[in-house]
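Me: I'm new to this one and would love a close look at a single part of it, the inside. Could you walk me through what packs together there?

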Amino acid sequence: MSLSKKKILIGMTGGIACYKIPYLVRALKKADAEVMVVMTEAATKFITPLTMETVSGNPVAVGMFEGKTYIATRHIDLSEWADVNLIAPATANCIGKIASGISDDLLTTVLCASTTHTIFSPAMNVHMWENKITQRNIAMLKEVGYLFIDPTEGDMACNHYGVGRMPEPEDLFSVIQAYFNKNRQSLKNEHSSAKKKSLKNKKILITAGPTKEQIDPVRFISNNSSGKMGYALASVAVELGAEVTLISGPTSEEVPANLKLIQIKTTDELLKAVQKEYKKTDCLIMAAAPADIRPSQIAKSKIKKDNQKMEIALEPTTDILKEITKNKTVNSAKIIGFALETDNGLANAKKKLKDKKLDAIVLNQPSEKTAFESDTNEVTLLIPKRKAVHIPLDTKRNISIRLLDIISKLL
Ligand SMILES: Cc1cc2nc3c(=O)[nH]c(=O)nc-3n(C[C@H](O)[C@H](O)[C@H](O)COP(=O)(O)O)c2cc1C
């Protein structure tokens, strides 16, 4: 769909990513859109209104009270003019103000008065992005219908590495196009990198779900794993263009289309399947939760209940990651482990990362909202010699998008 005559209000706030916006405005103008730019005072420190006026072909509004006459209620006119508002870059400050109903300058007043959709493209330092108040503000705005383009991960102007970079102008342009194609669902709930085929030509092996170790023909030892995280990873990996093999323990999850499914039951079967498939893959993601103990012997018939003290002798199952990483070299496929910890999570995950020679580990800490059966999760990704990346509470699908975005860069 063309952007011809679409009215796009670009709100610029005070971040270094302002330098990308003239490219976006030029692309929008080339697509025959009409563009009005409103800048905060802080934004004008990064790029001049003259530049934005020249590329947009329209006067640039900054101050609330700077008009020559006060007849016009410029904030209302601007809010009624736009078909959509794109706030890019969106500072933590601006997001916080809108979330709090503050309108103390022209841009925030226009947004307060606006009845059309507003899309924020946050851009900020990784700590500002991960700040719990920033995340709370974003969650609150999403809940009432504001749309967001998630920032990407990478090197930052402040010399940090992490999430907080504004996507490139061509990505913002695609978002505007998607918006007018009524593809708003993807904006509201999903990370923008989901649209990129970042795993094209990659073979990804994912394990999911629990394993079961029989005690007797009717009873077994297992765990609470639902397989939801592994299945979400598999589904997103397919969408990102990967050739996916999913090795799954018993779950009731729907199998995603376009992947190879290998069903296993016991930890030994899981080990054998992983050993066979690992040689053919670029990356193994061990999201399964194998039972790590099993009865030393499986009773041939159902054990009868009696009044005496009953005991089952147990033994450990094989540690799959330890087994697979035994002969790992720098040229081997990457291995991403998962750690589920209830206590000392970070320390235990770091130890597992090192001891098992993993390329990355995803730390899960179960809570009410991140339990096995839950559709949401909150994780921390640890990569050797890098700062930990915390992914706040989100759907398992969105968590998968974020994780695979980072993992794709390791391959
Ligand atoms: C060099 C420099 C770069 C900055 N970059 C950002 C940024 O990328 N994101 C952000 O949220 N704030 C950034 N800030 C801080 C904001 O400019 C500051 O919070 C300001 O009050 C934002 O005002 P505004 O939201 O009204 O534009 C930066 C400040 C400086 C001096």
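Reply:
**A walk through the core**

Let's start with one pairing: methionine 12 has methionine 39, in strand 2, as its bridge partner. Keep in mind that this is a predicted model. Zooming out a bit, strand 1 (residues 7-12) and strand 2 run parallel, with 6 bridges joining them. Strand 2 covers residues 34-39, and 5 of its 6 residues are buried, so to speak of it as mostly covered is fair.

Now for the core itself. The largest nonpolar core has 105 residues. The members that touch the most others are Ile8, Ile10, Val38, Ile206, Leu233, Ala237 and Ile336. Helix 10 (residues 228-239) supplies the largest share of this core, with 7 residues. Both domain 1 (7-195) and domain 2 (203-300 + 308-410) chip in, each with at least three residues. As a general point, nonpolar side chains in soluble globular proteins tend to be buried together.

Take isoleucine 336 as a sample member. Setting aside neighbours within four places in sequence, isoleucine 336 is in contact with Cys283, Leu284, Ile285 and Met286, and also with Leu358, Asp359, Ala360, Val362 and Ile407.

One last stop is the ligand. There are 15 residues around the ligand, and those that come nearest are Thr13, Gly14, Gly15, Ala42 and Thr91. Helix 4 (residues 92-99) gives the most to this shell, with 3 residues. Sorted by class, the shell has 9 nonpolar and 6 polar residues, and no charged ones.

Technical notes
Residues are numbered from 1 along each chain as its sequence is written. This is a predicted model: local features need pLDDT of at least 70, side-chain atom pairs count only at pLDDT 80 or more; totals for chains, interfaces and linings use all residues. A residue is near a molecule or strand if its C-beta atom, placed from the backbone, lies within 6 Å of it. Helices (H or I, at least four residues) and strands (E, at least two) are DSSP runs, numbered from the N terminus. Ala, Val, Leu, Ile, Met, Phe, Trp, Tyr, Cys and Pro count as nonpolar, Asp, Glu, Lys and Arg as charged, and the others, Gly among them, as polar. A nonpolar core is a set of buried Ala, Val, Leu, Ile, Met, Phe, Trp, Tyr and Cys residues joined through C-beta atoms within 7 Å. A residue is buried if 20 or more other C-beta atoms lie within 10 Å of its own, exposed if 12 or fewer, and partly exposed in between; C-beta atoms are placed from the backbone. Domain bounds come from an automatic or database domain assignment. Two residues are in contact if their C-beta atoms, placed from the backbone, lie within 7 Å. Two strands pair if DSSP finds at least two bridges between them.
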